[in-house]
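Subject: Structure for your review

Dear colleague,

Please find the structure below, handed over for your own work. My findings follow it, arranged by chain.

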Amino acid sequence: MTETLKTLPLDALHRELGGKMVPFAGYDMAVQYPMGVKDEHLWTRAKAGLFDVSHMGQAILRVAGGSHEDVAKLIEELVPGEIIKLGKGRIRYSLLLNDQGGILDDLMISRFPADQDAEGSLFLVVNAAVKDADYAYIQERLGDRAKLEVLDRSLLALQGPKARAVIGGLVPEALEMPFMTTRAATIGGAQVTLSCCGYTGEDGFEISVANEHAEELARTLLAHDDVAPIGLGARDSLRLEAGLCLYGHDMTPAESPVSAALTFALGKRRKTEGGFAGADRVLKELAEGSAMVRVGVQPEGRAPAREGTTIATGNGAEIGKITSGGFGPSVSGPVAMGYVPRSHADVGTEVMLDIRGKLHPARVAALPFVEPGYYRGPKS
Amino acid sequence: MTTKFTEDHEWIRVEGESATVGITVHAAEQLGDVVFVELPDVGATFSKGDDMAVVESVKAASDVYAPVSGEIIEVNGALVDAPEGVNEGAEGTGWFVKLKFTDPSELDGLMDEAAYKEHAANG
């Protein structure tokens with residue numbers, strides 16, 4: 001029995017572009033286009049790649065008649081980030097936690113910009129595979145104190161060093177948007193939410209657009225010489241090189257923000273005050289360290305170490321597992337992430353990888369594997 | 001000199017008592033950009049259907065099976081340093097191994113080019 005796959009609003013366009021369709025998170029999605037995974041990856045690092053990520057969940061959390069502080073306080077019960085002090089038009093990467101401090105999902109939380117009459121509202125973008133569970137959890141925990149409105153909209157991401165110039169040609173204000181900021185914009189006939197963020201390690205934007213305008217927007221972007229459609233295959237290798245976690249693989253409910261090496265997502269005030277789901281475990285691990293920790297792993301040979309590969313010491317004793325791994329086209333070699341004991345987590349630590357029964361040497365490596373291209377704003 | 005094909009998309013070109021083995025153009029296209037090839041040692045012996053080599057693309061790792069039983073007499077070491085050679089010449093310069101086969105009758109069970117083309121089109 002196979003579950004019926006849902007189709008994205010741009011399904012016909014992906015097929016027209018020659019997309020090779022595969023099931024992912026319950027959706028029929030393009031894993032690659034005729035350019036192929038490796039060249040799509042390199043294109044995105046050099047120019048601008050267009051990704052249809054409409055499978056992801058988009059929702060608005062709202063306290064009717066409330067202030068930003070009202071809604072921020074509520075979501076802070078479930079995430080360890082600083083949301084109350086999040087400025088207008090700013091985006092924060094955060095983690096949805098359970099009462100054991102386990103990661104239920106990672107998500108983007110945006111506060112609407114000043115010119116949008118949306119005080120008391122937050123825009124959430126969550127992972128496709130767990131979006132229904134996330135919504136149920138948030139609504140159950142917040143009860144009638146807040147309302148979660150799930151949006152049926154498309155989400156297009158344009159990523160790469162040319163993305164800013166391409167979007168800037170359509171929305172001049174985009175040229176000045178620092179990374180992790182958001183604004184409303186009009187492109188063609190469509191009202192969009194333009195967010196400067198992404199999942200590739202490159203500068204870029206995610207554009208939330210009504211389904212009926214998604215194709216027009218995609219074609220407008222694809223008409224640019226620097227833009228090519230990019231599939232899930234390259235999305236995965238790009239985020240892996242960028243050291244970014246794939247939910248369900250590099251982070252699961254068994255892992256905490258500390259073991260997943262995502263402590264940058266913990267707000268300074270939250271680290272002292274706590275007051276979020278699972279704070280007991282998270283603050284204890286923050287002080288004492290977690291038993292295992294996520295690290296980058298750089299195989300020394302050419303053999304890629306895939307998810308599930310055993311990480312061992314020099315004498316072959318198992319110490320951990322690879323959670324994501326493959327070939328990094330920009331690194332031009334294999335790259336991976338996995339969990340090892342804290343005692344083996346220092347950059348440069350020599351480990352072995354059991355690939356098809358043979359031990360291959362590798363080293364714990366700093367993440368990311370590639371220099372990020374994020375635009376932080378004008379240099380002062 | 002005849003070339004036969006397996007259901008798992010290997011080709012085998014028979015020359016006397018030995019044969020050259022690789023993966024088909026169709027298989028290479030399906031895999032996409034090959035980034036890693038692991039070859040057996042010269043002298044290793046395999047039974048028909050054994051895992052003989054590994055080919056990995058950006059997307060995934062795939063086993064290459066021995067199309068017939070035999071002993072490895074030569075491997076295409078160039079592929080180890082330049083795995084993209086598989087995409088560039090899957091049914092020619094991108095060969096994997098040469099083997100001396102032990103049971104010529106095993107060749108009879110393999111497909112000819114026309115049958116393989118149909119298999120690939122449907123597979």
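**Findings: the strands of chain B**

B:Lys4 has B:Ile12, in S2(B), as its bridge partner. Please bear in mind throughout that the model is predicted. The pair belongs to an antiparallel arrangement in which strand S1 (residues 2–5) of chain B and strand S2 (residues 10–15) of chain B are linked by 4 bridges. These two strands form a hairpin with 4 residues between them, and B:His9 in that hairpin adopts a positive phi near 75 degrees.

S2(B) also pairs with strand S3 (residues 18–23) of chain B, again in the antiparallel sense, through 6 bridges. Here B:Ile12 faces B:Val21 of S3(B). B:Ile12 is thus the bridge partner of B:Lys4 and also stands opposite B:Val21. The hairpin of S2(B) and S3(B) has 2 residues between its strands, and B:Gly16 in the turn shows a positive phi of about 70 degrees. As general background, strands of a sheet pair through backbone hydrogen bonds, in either a parallel or an antiparallel manner.

**Chain B as a whole**

Chain B contains 4 helices and 9 strands. Read from the N terminus, its elements follow the order β-β-β-α-β-β-β-β-β-α-α-β-α. The radius of gyration is 13 Å, which agrees with the value near 14 Å expected for a compact globule of 123 residues. The C-alpha trace of chain B extends about 35 × 35 × 20 Å along its principal axes. Of the 123 residues in chain B, 43% are buried. Where contacts in chain B join residues at least 6 apart in sequence, 61% of them are between residues at least 24 apart.

**Where the chains meet**

The contact between the chains involves 10 residues of chain B and 14 residues of chain A. On the side of chain B that touches chain A, strand S4 (34–38) and strand S6 (51–57) of chain B each contribute at least two residues. S4(B) gives the most, with 3 residues. By character, the residues on this side of chain B are 5 nonpolar, 1 polar and 4 charged.

**Chain A as a whole**

Chain A has 9 helices and 20 strands. Its radius of gyration of 21 Å is close to the 21 Å that the globule rule gives for 380 residues, so chain A is as compact as a globular protein of that length. Along the principal axes, its C-alpha trace covers about 60 × 55 × 50 Å. Buried residues account for 50% of the 380 residues of chain A. Among contacts in chain A with a separation of 6 or more, 67% are between residues 24 or more positions apart.

**An open sheet in chain A**

Five strands of chain A form an open sheet in the order S6-S7-S8-S5-S9, with antiparallel pairing. Strand S6 (91–97) and strand S9 (147–151) of chain A are at the edges; each has a single partner strand, so one side of each lacks a neighbour in the sheet. From one strand to the next, the twist averages 30 degrees. Strand S5 (residues 57–62) of chain A is joined to S9(A) by 5 bridges in an antiparallel pairing, and A:Ala59 is opposite A:Val150 in S9(A).

A:Leu122 lies in strand S8 (residues 121–126) of chain A. Is this residue buried or exposed? A:Leu122 is buried, because it has 24 C-beta neighbours inside 10 Å, against a threshold of 20 or more. Apart from neighbours within four places in sequence, the contacts of A:Leu122 include A:Leu61, A:Val71 and A:Ile75.

**Core and helix H7 of chain A**

The largest nonpolar core comprises 139 residues, and A:Ile75, A:Leu156, A:Leu158 and A:Val297 have the most contacts inside it. Beyond residues up to four places away in sequence, A:Val297 touches several others, among them A:Ile311, A:Ile322, A:Met337 and A:Val364.

Helix H7 (residues 232–241) of chain A has 9 of its 10 residues buried, so H7(A) is largely enclosed by the rest of the structure. The buried residues include A:Leu232, A:Arg235, A:Asp236 and A:Glu241. Among the elements covering them are helix H2 (37–46), strand S17 (318–328) and strand S18 (333–341) of chain A. Just after H7(A), A:Gly243 has a positive phi of about 75 degrees.

With kind regards

Note on methods. Residues numbered from 1 in each chain as written. Chains lettered and ligands numbered in written order. Predicted model: local features only at pLDDT ≥ 70, side-chain atom pairs only at ≥ 80, totals over all residues. Buried ≥ 20, exposed ≤ 12 C-beta atoms within 10 Å, placed from the backbone. Contact = placed C-beta atoms within 7 Å. Rg over C-alpha atoms; globule rule 2.2 N^0.38 Å. Nonpolar A, V, L, I, M, F, W, Y, C, P; charged D, E, K, R; others polar. Pairing = 2+ DSSP bridges. Axes fitted to C-alpha atoms, helices over the stretch in contact; angles between N-to-C directions. Core = buried A, V, L, I, M, F, W, Y, C linked by C-beta atoms within 7 Å.
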